[in-house]
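Colleague: I'd like a close look at one part of this model rather than a quick tour of everything. Could you pick a part and walk me through what sits around it?

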Amino acid sequence: MSDPGNYAGSADRSLGQLVASATAEVSALVHDEIALAKAEVRQDVKRGVTGSVAFIIAGVLILFAIPVLSFGAAYWIHTTGLGLAWCFGIVGLAFIVLGVLLALFAIAKFKKVKPPEKSIASAKQTAAVLQGVKPHPRPAITARAGLPAVTASGSTRTEKAGAESAVKDEASAVARSST
């Protein structure tokens, strides 16, 4: 049979095993959060690229296609008997309308780009959980047979008493010099 001490939910795990487990789980959580953020950003970048390509195409159509195609279309319309100036005006207006429609399409694509909401919500939730976790205070170790007592901060009581008296002496020296 299996050893009950190796069970993940066992209360008999050592401090080192608990720290290693917590570190591994926090690391996995961070990696998952990063993967989620990458996936959301990748999707938004794809939308942004689609919108950018649409703007580039609209610009190319407006800047390069209008002069070339407008001459041909204007002369074709002119064969109907309409004046040449009106023909060029109609063709120019048609290309501008096409460019505006492509620009509106691009704007619609850009409006769909949004921040990675799932990643932000997950990070806020993780931060809220981690803020609620407080370390357990260390109890003071009492003095035994000639050993100084160690406080929760790690210093001995005699060191603390010496530091406190030094602070009091310094405070009284400052008070004397200012009068």
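Modeller: Accessible areas here come from the Shrake-Rupley method with a 1.4 Å probe. On that basis the accessible surface of the protein is about 13900 Å², and carbon and sulfur atoms hold 69% of it. Keep in mind that this is a predicted model. There are four helices and zero strands, so the pattern along the sequence reads α-α-α-α. Of its 179 residues, 15% count as buried. Looking at contacts between residues at least 6 apart in sequence, 56% of them join residues at least 24 apart.

The part I'd pick is helix α1, and I'll go along it from low residue numbers to high ones. Start with Val26, which lies in α1. Val26 has a relative accessibility of 40%, so it counts as partly exposed. Its C-alpha is 9.8 Å from that of Thr126, although 100 residues separate the two in sequence. Val30 is also in α1, and its 41% relative accessibility makes it partly exposed too. Thr126 turns up again here: the C-alpha atoms of Val30 and Thr126 are 9.5 Å apart, with their places 96 residues apart along the chain.

Glu33 is the charged residue I'd pause on. It sits in helix α1 and is buried, yet it has no salt bridge. The nearest side chain of opposite charge belongs to Lys124, 12 Å away. A salt bridge needs the side-chain nitrogen within 4 Å of a carboxyl oxygen, so that pair does not qualify. What Glu33 does touch, leaving out residues up to four places away in sequence, is Ser119, Ser122, Ala123 and Thr126.

A little further on, the loop between α2 and α3 (117-132) comes into the picture through Pro116. At 22% relative accessibility, Pro116 is partly exposed, because buried means under 20%. Pro116 and Lys38 are 78 residues apart along the chain, while their C-alpha atoms are separated by 8.8 Å. Pro116 is in contact with Glu40 and Val41, once its neighbours within four places in sequence are set aside.

Next comes the charge pair. The structure holds one salt bridge, formed by Arg47 and Asp44, whose closest N and O atoms are 3.4 Å apart. Side chains of opposite charge can pair when their charged atoms come close. Both partners lie in α1, three residues apart, which is about one turn of the helix. Their surroundings put them in separate classes: Asp44 is buried because its relative accessibility is 11%, while Arg47 is partly exposed because its value is 25%.

Ile62 is another α1 residue worth finding on the screen. With 34% relative accessibility, Ile62 is partly exposed. Not counting neighbours within four places in sequence, Ile62 is in contact with Phe95 and Gly99. Ile62 and Ile96 are 34 residues apart along the chain, and their C-alpha atoms are 6.8 Å apart.

Phe95 leads on to the largest nonpolar core, where it is joined by Ala74, Ile77, Cys87 and Val91, five residues in all. Two elements give two or more residues to this core, α1 (15-78) and α2 (84-111). Helix α2 gives the most, with three. Val91 shows how this core is knitted together: apart from residues up to four places away in sequence, it touches Leu69, Ser70, Ala73, Ala74 and Ile77. Ala74 and Ile77 are core members themselves. In soluble globular proteins, nonpolar side chains tend to be buried together.

There is nonpolar surface as well. A patch of about 860 Å² is made by Phe55, Leu93, Ile96, Val97, Val100, Leu101, Leu104, Ile107, Phe110 and Val113. Ile96, the C-alpha partner of Ile62 above, is one of the patch residues. Helix α2 supplies the largest share of the patch, eight residues. One of the patch residues is Phe110, and its place is in helix α2. Phe110 is partly exposed, with a relative accessible area of 33%. Patch residues need over 30% relative accessible area, so Phe110 clears that cut-off.

Definitions and conventions. Residues numbered from 1 in each chain as written. Predicted model: local features only at pLDDT ≥ 70, side-chain atom pairs only at ≥ 80, totals over all residues. Heavy atoms only, no water. Core = buried A, V, L, I, M, F, W, Y, C linked by side-chain atoms within 4.5 Å. Buried < 20%, exposed > 50% of the residue type's maximum accessible area, 1.4 Å probe, protein only. Contact = heavy atoms within 4.5 Å. Patch = residues over 30% accessible without salt bridge, like charges linked within 9 Å, V, L, I, M, F, W, Y side chains within 5 Å. Lys, Arg positive; Asp, Glu negative; His and termini not counted.
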